[in-house]
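Colleague: I am new to this structure and would like to learn it by starting from a single residue. Please pick one, take a close look at its setting, and then lead me outward from there.

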Amino acid sequence: IEGFILLIIVFLGIAFIQFNEGHIRIGFIVSRFPKWIQNLLDCFHYLICALFFGMMSSQLLMQGIKKMQDSVITYELELPVWIFWFVGAIGVLILAFVVALDFLRALQRSLADKRWPWLILALAMACFILIAPLAGVAPKGLSGATAGVLGMCFLFLLLFLGMPIGFGMALTGLFGMIVAYKAVLPSLAMLGIGPFDTASNYMLTVVPLFILMGEFAYHSGISEDLFETANKWLGRLPGGLAMSSVAGCTGFSAVCGDSLATAVTMGTVALPGMKKHKYDMSLATGCLAAGGTMGILIPPSVGFIFYAIVTEESIGRLFVAGIGPGILLAILFSSVIYLRAKINPALAPRGEPTSLKEKLVSLKGVIGMLILFLLILGGILGGIFSPVEGGAIGSVGAFVYALIRRRVNRKMIISSLQDSLNITCKLLLILIGVGVFGYFLAATRLPFALADFVTGLPINRYFIFTGVIIFFIVLGCLLNVIPMI
């Protein structure tokens, strides 16, 4: 039931996200281009993607028709499976229409720019890139490793030119499968099977549940309580408000599994206070951006969940593994803030002194966070419930806490559900793209070749570990955590 509900949510939500231009993309490079080049790139991307999602919709429909003809039902519920394939086909078709509208708007902007030769070239390239593989015009005689490397280069080219990450991965996966398998029809069939399997994966239902828990926790006022408690204890120290922000981020990360949500939430709470006390804005925003990264380190973490699913590791063990590094990172961030404020007091003026009684009373603000954290982590590690069930229990617990705080109303519930839907669809579309791209990489055997190469290097393992760290530092400047994984 949960798997099919997740499928309905994802497939009927991705078009809404695209309508609001919310799908995750790399804008670091494209944003520096002149506006007319950005319009041409939009024409290029949206034309390819509109036709591509039209193909994906048709493949989902064909798979649904096949399931209907074979009278396939689910073993547990005895429901006809074809219904859900049709839902997927409808959702992706709506996405194709939305992308087509985006293409028409981008085309209108490009026509107004009157860069005719460049516009014709962009449209011609889009058509060629899409049609050539389907028509059998593809490189011949490539080894699997070569095809895999070329596919990776093509993928990063699309991503750095501004194509949404999920779109680019799925598109590259299809083209790569055609080249690797040297067959069009089997590759198109995988385009109908892979997205369905990803969107209906029961294990992925843990993602919206933990996101929803974070939303309920935010609206319950936990973030304000955590910041206020930290401020009572640390506010008088040099850089006290900034350290309080880091401490607040650390506490809120224990009930929210996303870095962006942690940074934004604590930013709305802490930034006005730091502005009021005339904090240097580079320090103020820097500590919030850095503190927000603990949202994917301190459990429950959406990043750990995705990593566990991809690598088939234990979610519970990964959650435990994140606690120590998360606390250490918070201490290091606070130490840097303290030293900078001590050296240059103008960066971060001290706050008002508070009595010991006020400090002790303020500790009640961390009770809600601690109860939720111990409930979820203790239950998962104790084997009382699974990570998916833990996400559900955490969501209910955060909702009950919001009820006790009298923060629940119709607007709060709708806002929490909408934000959870928004984040879930963004992340799951990337995983759909990863799934399609994974079929291509499996066909090339590139991951296995790379693994054999690395493990066969006659060097100390710490050199390899250092290389991995450097690789992640570079990718961290450009990508969201999910596509990095």
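Modeller: Let us start at Pro195, which sits in helix 7 (residues 185-199); helices here are DSSP runs of H or I with at least four residues, numbered from the N terminus. Before we go on, please keep in mind that this is a predicted model, in which local features need pLDDT of at least 70 and side-chain atom pairs count only at pLDDT 80 or more, while totals for chains, interfaces and linings use all residues. Residues are numbered from 1 along each chain as its sequence is written, and side-chain values use heavy atoms, with hydrogens and water left out.

With a relative accessible area of 0%, Pro195 is buried (under 20% is buried, over 50% exposed and in between partly exposed, with a 1.4 Å probe and protein chains only). Leaving out residues up to four places away in sequence, Pro195 touches Phe11, Met56, Met190, Ile432 and Val436, where contact means heavy atoms within 4.5 Å. Gly176 is 19 residues from Pro195 along the chain, and their C-alpha atoms are separated by 16 Å.

Now follow the chain to other places. Gln18 belongs to helix 1 (residues 2-19), and its 1% relative accessibility makes it buried. Beyond its neighbours within four places in sequence, Gln18 is in contact with His23, Tyr46, Leu95, Val98, Val99, Asp102 and Phe167.

Ser415, in helix 18 (residues 410-444), has 23% relative accessibility and counts as partly exposed. Ser415 and Glu215 are 200 residues apart in sequence, yet their C-alpha atoms are 8.5 Å apart in space.

Next comes Leu288, a residue of helix 12. Leu288 is buried at a relative accessible area of 6%. Not counting residues up to four places away in sequence, its contacts are Ser245, Cys249, Ala263, Met266, Gly267, Ala270, Leu271 and Met274. Arg236 lies 52 residues from Leu288 along the chain, with 19 Å between the C-alpha atoms.

Helix 12 leads us to helix packing. The axes of helix 12 (residues 281-292) and helix 14 (residues 315-343) come within 11 Å and cross at roughly 170°; each axis is a line fitted to C-alpha atoms over the stretch in contact, and angles run from 0 to 180 degrees between N-to-C directions. The two helices are therefore roughly antiparallel, a word used for angles over 145 degrees. Leu283, Cys287, Ala290 and Gly291 of helix 12 make the contact with Phe333, Ile337 and Arg340 of helix 14. By class, that contact has five nonpolar, one polar and one charged residues, with Ala, Val, Leu, Ile, Met, Phe, Trp, Tyr, Cys and Pro counted as nonpolar, Asp, Glu, Lys and Arg as charged, and the others, Gly among them, as polar.

Helix 14 also packs with helix 10 (residues 240-253), at an angle of about 170° and with the axes 9 Å apart. Helix 10 and helix 14 are therefore roughly antiparallel to each other. On the helix 10 side we find Ala242, Met243, Val246 and Thr250, which meet Ala330, Phe333, Ser334, Ile337 and Tyr338 in helix 14. This contact divides into seven nonpolar, two polar and no charged residues.

The loops deserve a look too. In the loop between helix 12 and helix 13 you will find Pro300, and a cis peptide bond with omega of about 0° joins Pro299 and Pro300. Glu312, in the loop between helix 13 and helix 14, is a residue other than glycine with a positive phi, near 60°. Glu312 is exposed, with a relative accessible area of 72%. Arg406, in the loop between helix 17 (387-404) and helix 18, also has a positive phi, of about 60°, without being a glycine. Its relative accessible area of 77% makes Arg406 exposed.

Definitions and conventions. Parallel < 35°, antiparallel > 145°, perpendicular 65-115°, else oblique.
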